[in-house]
Amino acid sequence: MSATPAMLDAETQNAAMRGSVIHAANLSKRYGKTAALNGASFDVRPGRIVGLIGPNGAGKTTALKAILGLTDFDGTLSVLGMDPRRERPALMQQVCFIADIATLPRWIRVDEAIDFVAGVHPRFDRAKCERFLARTKLTGNQRVRQMSKGMIVQLHLALVMAIDARLLVLDEPTLGLDIMYRKQFYQSLLEDYFDENKTILVTTHQVEEIEYILTDLMFIRDGKIVLDTPMDALGERFAEVLVNADRSDAARALHPLDERQVFGKSIFLFDGIDQTQLATLGEVRRPSVADLFVATMKGTYA
Amino acid sequence: MSTSTATTFGWLVKREYWESRRGFLWTPFWAAAVLLILTVLGMIAGEVFNARTHGETQVQFGISLNQMLRGVSSHDMPELVRGLDMTMLSIAVIAGIVLSFVLFFYLLGALYDDRRDRSILFWKSLPISDTATVLSKAFAAVIVAPLIATAIVLVAYLAMQVLISLWLLIHGVNPIPLLWMHIEPFGIWLQLLVAIPVNAIWALPTVGWLLFCSAAARGKPFLWALLTPVVIGVLNTWVGLLGLPHIAQGFYWREIFCGALLSIIPFGWIGAQVGGVGFPIHHGHMFQGLSYESMGRALAMPQMWIGAAVGIALIAVAIWFRRWRDDA
């Protein structure tokens with residue numbers, strides 16, 4: 001991990017001065033009768049890795065499409081100080097995205113893809129891209145249609161990481177990949193790409209795998225942002241307490257977000273309760289993002 | 001560090017070529033190659049029959065060699081040169097027909113295929129305007145593909161002359177004074193080259209209509225492109241039968257229907273000058289039609305420019321759909 005907590009604190013202050021990479025206020029978008037976005041508001045600051053997590057149909061992809069200028073919307077949205085609806089070509093010099101796996105055209109060859117991106121993107125570093133590709137088994141005249149999903153993602157990632165952009169948007173970038181490629185994907189991003197001048201916004205279902213690389217967490221539900229917190233603050237705000245059966249009524253009196261049973265004990269999830277108070281009930285620990293997600297999204301799958 | 005608009009456009013056109021190399025290069029190439037092969041087969045068959053019958057032989061495969069031979073034997077130079085030009089035109093006609101099919105399907109898929117396989121999300125992740133993207137596809141269709149085809153026509157023509165020279169040699173005739181002294185491939189070839197922009201302007205209604213269907217259709221762009229003008233035509237006829245105001249039948253089918261679907265066929269403006277539609281398949285027509293005077297007359301036809309304006313408007317709508325259609 002390249003960023004220590006101390007560095008992040010300094011960066012947070014820095015970011016406040018530099019302003020937001022993304023500023024969204026009251027974003028709304030309807031497809032027919034369904035609201036894909038319903039007044040979502042959030043800010044993303046530079047030098048952060050933000051996870052946008054939500055169930056299917058919660059509005060993740062629509063939010064990303066709005067940020068990338070791929071769809072129209074109501075509300076205020078500024079990305080790197082630009083309006084993605086009106087200034088898309090200029091914006092895309094500073095923003096990269098990998099939308100889903102396997103969106104590379106199937107007919108293109110590795111060499112052609114590199115030539116083309118090098119030709120049209122002023123911030124593309126060809127040598128860097130070739131260095132990344134040298135670590136893979138890909139060869140220059142190989143076509144995308146001959147590659148496995150994992151290899152396609154390797155090529156896409158090599159192309160994108162060679163672009164010196166300020167914002168990288170990833171929409172389910174590892175869906176359907178096996179564990180080796182998934183680990184490699186995030187490891188490359190952290191080791192070879194991310195630094196304090198870059199910002200990554202990622203949506204995924206596989207929360208467990210990215211939990212440890214995120215600096216910020218956002219939950220989206222029914223088109224609204226229902227949680228927006230730095231990961232550092234997560235442990236201060238949320239606590240999971242392992243409570244013996246005799247104390248569980250006392251725990252319930254504190255209005256936990258969630259309760260589940262493990263080996264005759266109860267695990268309670270609390271939001272914003274003083275942790276010294278919780279310690280009297282039982283063993284306190286930081287909840288996993290997955291448990292927090294399940295507790296927050298209760299009812300959306302019902 | 002900045003990439004100029006012209007450079008980006010160049011790469012976009014190159015991308016179109018990479019993606020459609022098979023249609024732009026290999027399809028006209030094989031069409032010309034098949035023509036040459038048929039000519040060789042015809043020569044061989046002619047020789048065989050000649051040997052068997054010891055008489056006059058008609059060689060009818062591929063390019064008509066009789067016309068060549070007549071020119072050669074009569075030492076009638078104008079007719080010889082005309083025969084040589086005919087060879088070039090025949091190859092050009094074949095290449096033009098083949099290219100029409102290639103371009104029709106290329107344009108239908110140009111703004112649809114990448115939405116279907118979602119690779120549009122990759123193209124849209126690059127700093128390229130949708131206007132440049134759509135224009136590069138139109139440019140590839142009306143300029144790049146015809147240039148490649150015209151180059152193939154020239155190469156095939158020269159290959160044909162080599163074949164004929166061999167044939168003349170077999171018959172004990174020296175091809176150099178007879179054939180190579182009189183070859184003026186660049187006369188007619190230059191006319192074919194100059195005709196490319198005329199064809200391009202003429203093709204704009206179909207280019208616009210197909211790009212529009214390709215950008216706007218949520219599925220099956222081929223059916224939309226074909227059935228919409230048919231259904232409108234039938235409804236128009238029906239309205240006419242009821243005695244209500246409608247577009248004149250002949251005008252609708254000849255100008256609107258054919259403009260939307262058939263103006264991609266090269267040299268259509270030659271036939272249009274005499275009220276015909278589609279390819280001027282008759283060699284004589286083609287020959288006079290390809291003159292610079294004829295091109296000038298074509299460019300003076302109001303339907304040339306009305307069609308072009310409609311085509312450009314349709315391309316503008318296609319750009320709008322490319323920008324905002326959000327279904328990948």
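User: If pLDDT is the predictor's confidence in each residue, from 0 to 100, which elements of chain B have the lowest and the highest mean pLDDT?
Analyst: This is a predicted model, in which local features need pLDDT of at least 70 and side-chain atom pairs count only at pLDDT 80 or more, while totals for chains, interfaces and linings use all residues. Residues are numbered from 1 along each chain as its sequence is written, and chains are lettered from A and ligands numbered from 1 in the order in which they are written. Chain B has a mean pLDDT of 86, with 86% of its residues at 70 or more. Among its elements (DSSP runs numbered from the N terminus, helices being H or I of at least four residues and strands E of at least two), the lowest mean, 57, belongs to helix 3 (residues 65-74) of chain B and the highest, 96, to helix 15 (residues 302-324) of chain B.

User: Which element gives the largest share of the side of chain B that touches chain A?
Analyst: Counting as contacts those residues whose C-beta atoms, placed from the backbone, lie within 7 Å, 23 residues of chain B meet 23 residues of chain A. Two or more residues come from each of helix 1 (5-19) and helix 6 (120-123) of chain B. The largest share, 6 residues, is that of helix 1 of chain B.

User: Which residue in the turn between strand 8 and strand 9 of chain A has a positive phi?
Analyst: Strand 8 (residues 216-221) of chain A and strand 9 (residues 224-230) of chain A run antiparallel, joined by 6 bridges, and A:Met218 stands opposite A:Asp228. The two strands form a hairpin with 2 residues between them, and the phi of about 50 degrees in the turn belongs to A:Asp222.

Notes: Contact = placed C-beta atoms within 7 Å. Pairing = 2+ DSSP bridges.
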